[in-house]
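User: I am new to this structure and would like to know what stands behind the labels used for it. Please take me through them one at a time.

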Amino acid sequence: MKPAIDKITALEILDSRGNPTVRVYCTLEDGTSAQASVPSGASTGENEAVELRDGDKKRYGGKGVTKAVENVTKVMAPRLKGRDPRCQAEIDSILIDLDGTANKEKLGANAILGVSMAVARASALTSKLPLFEYLGGATARRLPVPMMNILNGGKHADSSVDFQEYMIVPLGAPTFREALRYGSETFHALKGILAKRGYATSVGDEGGFAPSLKSNEEACELIVEAIRAAGYRPGQDVALAIDPAATSFARDGAYYLDRSGQGKKSSDELTTMYREWIGKYPIVSLEDGLAEDDWDGFKRHTAALGSLVQIVGDDMYVTNTKYLQRGITEHSTNAVLIKLNQIGTVTETVQAIELCRQAGWRYVISHRSGETEDAFMADFTVAMGGGQIKTGSVCRSERIAKYNRLLEIEAELGPAAVFGGFPTRA
């Protein structure tokens, strides 16, 4: 007997920032039940699929999601009852058609994605397969190199740093388990260094420290010092990755580094600064170094730096094949950040990854700053085999949930597990 969806329900829960988000429950006729919780971003691209919020200022400052929950239970659930959960593309297509808008603003991408993920997880359970194998096939076995955000700035922290994320990349580790250890030890070494210098050791949204540093560049200096203090070789065992999230400090065609006091810069001046940093620090990846609408600047940016480091586009692509195809055609970057909730269904996310593969581009599966304990993206990362994941620091339970699930997957795979996929410096 083929499986069929019996009922789909939803609940308003809280994310890691204490804001409402959607959790969806999918129950099959054979009694199999699964749930999925949807994350939320703070630094969002202009063209992202729309999170549906209630707008009632008397509840959660207008951020409630009761309308999204109602759309799950009253609009989507009746249409999916009796459907085969194994037909993921068909189910996601039904959800897209039910919404009928280009950016999922009618039903809400948060509602749609919750259903899409919950159905996938229920289907994996009834198929008696781990989620990563169900989504990626019997050969899915690549564990990702983590990009761990250990210093926060920009929109993710109240500090004097303009750039949003400074990450460590334990690309020299032999296994995921060891990579996690390299990252944790470096994180704790950094905490000691910050404390010794009188800096705050409180953490931002993604678990990284958020001190008021003397400059944007000092963050790189401190991380390199922490890598050495932990007993590792900068660039060989543990490297750096940076996400300036430049859209957050761009206006009127220029970039304003106001927090650090570095003043106004053009696209080319920023690129020149990044090149100088790449020459001084073991940086292997640069994400959103320019603003999402600076397509001409990005072409020059990637032409100048793309042979040296991985150039990742996030806000400009928003996991949407329309924008991703433009980037491929114009050689805007050479890698893409992939976020399930930017586009709103599992199927569309896979389609974006397939386009990356066709172009020979790397892709990084990413969390959001407002996360939950749901570890769907950990399985999804292994299923997609790209070898890179970005899911925050090595503290805060909503981040650790993803790392711990990856440890479980590595153990399940045993000797078949493969680790790696991150480019080394040119």
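User: What makes the contact between Lys339 and Asp314 a salt bridge?

Analyst: This is a predicted model. In it, the closest N and O atoms of Lys339 and Asp314 are 2.8 Å apart. A salt bridge asks for a side-chain nitrogen of Lys or Arg within 4 Å of a carboxyl oxygen of Asp or Glu, so the pair of Lys339 and Asp314 at 2.8 Å qualifies.

User: Where in the chain do Lys339 and Asp314 lie?

Analyst: Lys339 is in the loop between β13 (335-338) and α10 (340-343). Asp314 is in the loop between β12 (310-313) and α9 (321-330). They are 25 residues apart, and the pair links distant parts of the chain.

User: Why do Lys339 and Asp314 count as buried?

Analyst: Buried means under 20% relative accessible area. Lys339 has 6% and Asp314 has 3%, so both residues are buried by that cut-off.

User: Why is Asp6 called partly exposed?

Analyst: Asp6 has a relative accessibility of 29%. Partly exposed covers the range between buried, under 20%, and exposed, over 50%, so Asp6 at 29% belongs there.

User: Which residue meets Asp6 in a salt bridge, and what does the pair tie together?

Analyst: The partner of Asp6 is Lys81, at 3.0 Å from N to O. Lys81 lies in the loop between α1 and α2 (88-99), while Asp6 belongs to strand β1, so the pair ties together parts that are 75 residues apart in sequence.

User: How many salt bridges does this rule give?

Analyst: The count comes to 30. One of the salt bridges joins the side chains of Arg326 and Glu330, at 3.0 Å from N to O. These two residues are 4 apart in helix α9, which means that about one helical turn separates them. Arg326, with 38% relative accessibility, is partly exposed, and so is Glu330, with 23%. Elsewhere, Glu165, Asp243, Glu287 and Lys390 are joined into one network by salt bridges that share partners.

User: How do you know that β1 and β2 pair?

Analyst: Pairing requires at least two bridges between the strands. β1 and β2 are joined by 9 bridges and run antiparallel, so they meet that requirement. Within this pairing, Ile5 stands opposite Leu28 in β2. The hairpin of β1 and β2 has 5 residues between the strands, and Gly18 there takes a positive phi near 80 degrees.

User: What is the order of the strands in the sheet that contains β1, and why are β1 and β3 its edges?

Analyst: The order is β1-β2-β3, in an open sheet with antiparallel pairing. β1 (5-14) and β3 (33-37) each have a single partner strand, so one side of each is left without a neighbour in the sheet. Neighbouring strands of this sheet are turned by 20 degrees against each other on average, direction ignored. β2 (residues 20-28) pairs with β3 over 5 bridges, and Val24 stands opposite Ala36 in β3. Helix α1 (residues 66-80) lies across β1 and β2, running at about 175 degrees to β1.

User: What makes β8 and β9 a pair?

Analyst: 2 bridges join β8 to β9 (residues 254-257). The requirement is at least two, so β8 and β9 count as paired. Arg251 has Ala254 in β9 as its bridge partner. The open sheet has the order β8-β9-β10, with β8 (250-251) and β10 (263-265) as edge strands. Helix α7 (residues 267-280) packs on this sheet, touching β9 and β10.

Note on methods: Residues numbered from 1 in each chain as written. Predicted model: local features only at pLDDT ≥ 70, side-chain atom pairs only at ≥ 80, totals over all residues. Heavy atoms only, no water. Axes fitted to C-alpha atoms, helices over the stretch in contact; angles between N-to-C directions. Contact = heavy atoms within 4.5 Å. Buried < 20%, exposed > 50% of the residue type's maximum accessible area, 1.4 Å probe, protein only.
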